Amino acid sequence: MNQNFIPLPKTKESANSQMSSVAAEKIKKRRHALRRRSVRHASVNKKRVQITPLDVAFVQLRGLLPRFLHTRKSSRMNKIEIIRQTLRYIVILNQVLGKNQ
């Protein structure tokens, strides 16, 4: 092999075009990531807006239940517990009114 081999230097044009294609690719990926993030945030916010009235309804329903029905010591009840306690309360009210089912 020839030990005096010196690679030819890249021309400015080829170096700039290679740099610009790398930079363009990075910019393209960044824009794509930002678009995905904004779509994700939009869907999360939409879901949050939809869920809020449901959560308010559960809080109101829980407020209508008498305290003796709360089987847990803590004041927090999850949604399924609120529904179960509501059904239990309806059964108790029906028994009080003499409408056994």
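## Notebook: two helices and the loop between them

I80 came up before anything else: I80 is partly exposed, with a relative accessible area of 43%. I find I80 in helix α2. I note here that I am reading a predicted model.

**Entry: the nonpolar patch.** I asked which residues join I80 in a nonpolar patch on the surface. They are I83, L87 and I90. With I80, they make a patch of about 340 Å².

**Entry: the positive patch.** I looked up charge on the surface next. R30, R36, R37 and R40 gather there in a patch of positive charge. I picked R36 from this group. R36 sits in helix α1, which covers residues 12–64. I read 48% relative accessibility for R36, so I log R36 as partly exposed. The cut-off for exposed is over 50%.

**Entry: the salt bridge.** How many salt bridges does the count give? I get one. The partners are D55 and K79. Their closest N and O atoms are 2.9 Å apart. The pair links distant parts of the chain, with D55 in helix α1 and K79 in helix α2. In sequence, 24 residues separate the two. I add a general remark: side chains of opposite charge can pair when their charged atoms come close.

I then checked how open each partner is. D55 has 31% relative accessibility and so counts as partly exposed. K79 has a relative accessible area of 36%, and I log K79 as partly exposed too.

**Entry: Q85 and E81.** I moved on within helix α2, residues 79–96, and stopped at Q85. Is Q85 buried or exposed? Q85 is buried, because its relative accessibility is 8% and the limit for buried is under 20%. I then looked at its side chain. The side chain of Q85 makes a polar contact with the side chain of R88, at 3.2 Å.

E81 lies in helix α2 as well. I read 15% relative accessibility for E81, so E81 is buried. I checked E81 against R62. They are 19 residues apart in sequence, and their C-alpha atoms are 9.6 Å apart in space.

**Entry: G63.** I went back to helix α1 for G63. G63 counts as exposed because its relative accessibility is 60%. Its C-alpha atom is separated by 9.9 Å from that of I82. Along the chain, G63 and I82 are 19 residues apart.

**Entry: the loop.** I looked up two leucines here. L65 is in the loop between α1 and α2. L69 is found in the loop between α1 and α2 too. L65 has a relative accessible area of 7%, so I log L65 as buried. For L69 I read 0% relative accessibility, which means L69 is buried.

Where does R88 stand relative to L69? The C-alpha atoms of L69 and R88 are 8.1 Å apart, with the two positions 19 residues apart in sequence numbering. I repeated the check for L65. The C-alpha atoms of L65 and R88 are separated by 9.9 Å, and the two residues are 23 apart along the chain. I had already met R88 as the side-chain contact of Q85.

**Entry: links to keep.** I mark D55 with K79 as the salt bridge. I mark Q85 with R88 as a polar contact.

How values were computed:
Residues are numbered from 1 along each chain as its sequence is written. This is a predicted model: local features need pLDDT of at least 70, side-chain atom pairs count only at pLDDT 80 or more; totals for chains, interfaces and linings use all residues. Side-chain values use heavy atoms; hydrogens and water are left out. Helices (H or I, at least four residues) and strands (E, at least two) are DSSP runs, numbered from the N terminus. Buried means under 20% relative accessible area, exposed over 50%, partly exposed in between (1.4 Å probe, protein chains only). A polar contact is a pair of N or O atoms within 3.5 Å; within protein, one must be able to donate a hydrogen and the other to accept it, and residues adjacent in sequence count only if both atoms are side-chain atoms. Patches are made of residues with over 30% relative accessible area and no salt bridge: like charges are joined within 9 Å, nonpolar side chains (Val, Leu, Ile, Met, Phe, Trp, Tyr) within 5 Å. Accessible areas come from the Shrake-Rupley method with a 1.4 Å probe; for residues, only the protein chains shown count as cover. A salt bridge is a side-chain nitrogen of Lys or Arg within 4 Å of a carboxyl oxygen of Asp or Glu. Lys and Arg count as positive and Asp and Glu as negative; His and the chain ends are not counted. The place of a charge is taken as NZ of Lys, CZ of Arg, CG of Asp or CD of Glu.
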